[in-house]
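Work through the exercises below with the model open. Each task is followed by a solution in steps.

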There are 2 protein chains.
Amino acid sequence: MKKNEVIETMLDHKSIRDYKEEVPSQEEIETIVRAAQQAPFVSQLYSVILTKNRDDHPFDAPLLFTICIDFHKFELIMEKRGWEPVSNDLSIFLFGVQDACYMAQNMVTAGESLSIGSCFLGAAPYKAGRLKEKYDLPEKVFPIVQLAMGYPDEETSTRPRYPMEYVLFEGEYPELTDEMIEDAMDKMDEGYLEQDYYRKLDAKIGLKGDEKDEYTYDDYSWTEHISRKWGQWHESIEEPLEELEKCGFDLLIEDKRE
Amino acid sequence: MKKNEVIETMLDHKSIRDYKEEVPSQEEIETIVRAAQQAPFVSQLYSVILTKNRDDHPFDAPLLFTICIDFHKFELIMEKRGWEPVSNDLSIFLFGVQDACYMAQNMVTAGESLSIGSCFLGAAPYKAGRLKEKYDLPEKVFPIVQLAMGYPDEETSTRPRYPMEYVLFEGEYPELTDEMIEDAMDKMDEGYLEQDYYRKLDAKIGLKGDEKDEYTYDDYSWTEHISRKWGQWHESIEEPLEELEKCGFDLLIEDKRE
């Protein structure tokens, strides 16, 4: 494998959940955001809200960035140019989410290059309406993810990832054989168990209903954890649709297939 | 501004549209994908299809990566574990698109650290059905973006971005004043005009209908170009909804507001 400082910074990525009190400087913050902005974009449909109220942040992180898909600021530009938007909200979303995410990932990497750790918080789309009120977001601004940041106050290891054979496919998508699936599961599960990851976080997801949970932290690992999410959570599509709608993104159309 | 090799690599990002014939090595390709994989993720809901048919690629790029949101491979894992997915397709999409995009952005940066340039191709969601056939994608795999890659055979400049004041907001979203909007427009427009960007690409978007186009490449710039997209394109939400549906992502529910 080729190595350089950039590759090594990426390979060394860890999500941080324990932070020192020291607040990164304004110069560091602006370096991170400026480097992130240079990511490729469709229309720069992003905004970042920064708060520094440590007490109010997950993991008491000194910094919390709320990264938003933002069409509002481009609407204002269109108005100045005498244009009116005609595009549908799903198309705006499909492009805007990329602008926002490419930027967000660069923030993670830029931060780590400055010894500043971070952790994505995935619940933003499910509390978008509340975040909109909290941060006074205009219509057409949707918080896609939050990013806690600060100097790490913990020693952690990098987490495992799928084997290359389960990710990169040349020519076309192959049939995933039992062996490939099991190799991927083993690599993930053994890696997480070795680090005692879920026990340390006390992060086991319970079983709905009265099914008895046969797993302990000795064998509860990544594929079980993630299966419990997708097998039990987010059944209702109305929930995320409503949060999008609160932020001015209307994805509802009548089902024409009836 | 703080500087290091990572920050400088990011700040030096340019999209490349002209490539040398030399094909990056398998070692380089795997380094790029491996480094990209280490990006933070929700459930590793991503897959990457790689093709090397230069003649078939935009800009004759030696490599073309099709980056997909992939729930299929996790469904196979759930099956092995005795779980069935219950989550709605929009929730899967909202998390999967982040997994895929964080990875995609790392691929760009990792490539550039190895002197390998790239260019995102945004049309994938609009031809998802065709890409599904071409690459034999299973259900629940949605191509979100394509990435052309290879050694640059052109000298280009970095493109301008919004001023920090139009991107990073502390505490809450501010009212964007005329001055802020105009500063943002000026920075973008002057930057693109200075580079003669649209003339070089001959990329002017025409006006629909019989409106006379008053702009020449002397004054046609970024905010006009992007306004013509959002002011004329993608009117129909059915189009992206149908492409998602072809790939097994059903976002249609009946409009309950009637």
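**Exercise 1. Describe the interface of chain A and chain B: how many residues of each chain are in contact, and how much area is buried?**

Step 1. Taking contact as heavy atoms within 4.5 Å, 136 residues of chain A touch 135 residues of chain B.

Step 2. The two chains bury about 12,800 Å² between them, with 64% of it on carbon and sulfur atoms. Buried area here is the accessible area (1.4 Å probe) that two parts lose on being put together, summed over both.

Step 3. Gln38(A), Tyr173(A) and Trp230(A) supply 7% of the area that chain A buries against chain B, more than any other three residues.

This is a predicted model: local features need pLDDT of at least 70, side-chain atom pairs count only at pLDDT 80 or more, and totals for chains, interfaces and linings use all residues. Residues are numbered from 1 along each chain as its sequence is written, chains are lettered from A in the order in which they are written, and side-chain values use heavy atoms, with hydrogens and water left out.

**Exercise 2. How many salt bridges cross the interface of chain A and chain B?**

Step 1. Apply the rule: a side-chain nitrogen of Lys or Arg within 4 Å of a carboxyl oxygen of Asp or Glu.

Step 2. The rule finds 10 salt bridges across the interface. One of them pairs Lys80(A) with Asp178(B), at 2.9 Å from N to O.

Step 3. On the side of chain A that touches chain B, helix H4 (residues 89-113) of chain A gives the most, with 18 residues. Helices (H or I, at least four residues) and strands (E, at least two) are DSSP runs, numbered from the N terminus.

**Exercise 3. Which parts of chain A does the salt bridge of Asp89(A) and Lys140(A) tie together?**

Step 1. The side chains of Asp89(A) and Lys140(A) meet at 2.6 Å, N to O.

Step 2. Asp89(A) lies in helix H4 and Lys140(A) in the loop between helix H5 (128-135) and strand E4 (141-150), so the bridge links parts 51 residues apart in sequence.

Step 3. Check accessibility, where buried means under 20% relative accessible area, exposed over 50% and partly exposed in between (1.4 Å probe, protein chains only). Asp89(A) is buried at 11%, and Lys140(A) is buried at 16%.

**Exercise 4. Is each partner in the salt bridge of Lys132(B) and Glu139(B) buried or partly exposed?**

Step 1. These side chains meet at 2.6 Å, N to O.

Step 2. Lys132(B) is buried at 16% relative accessibility, whereas Glu139(B) is partly exposed at 46%.
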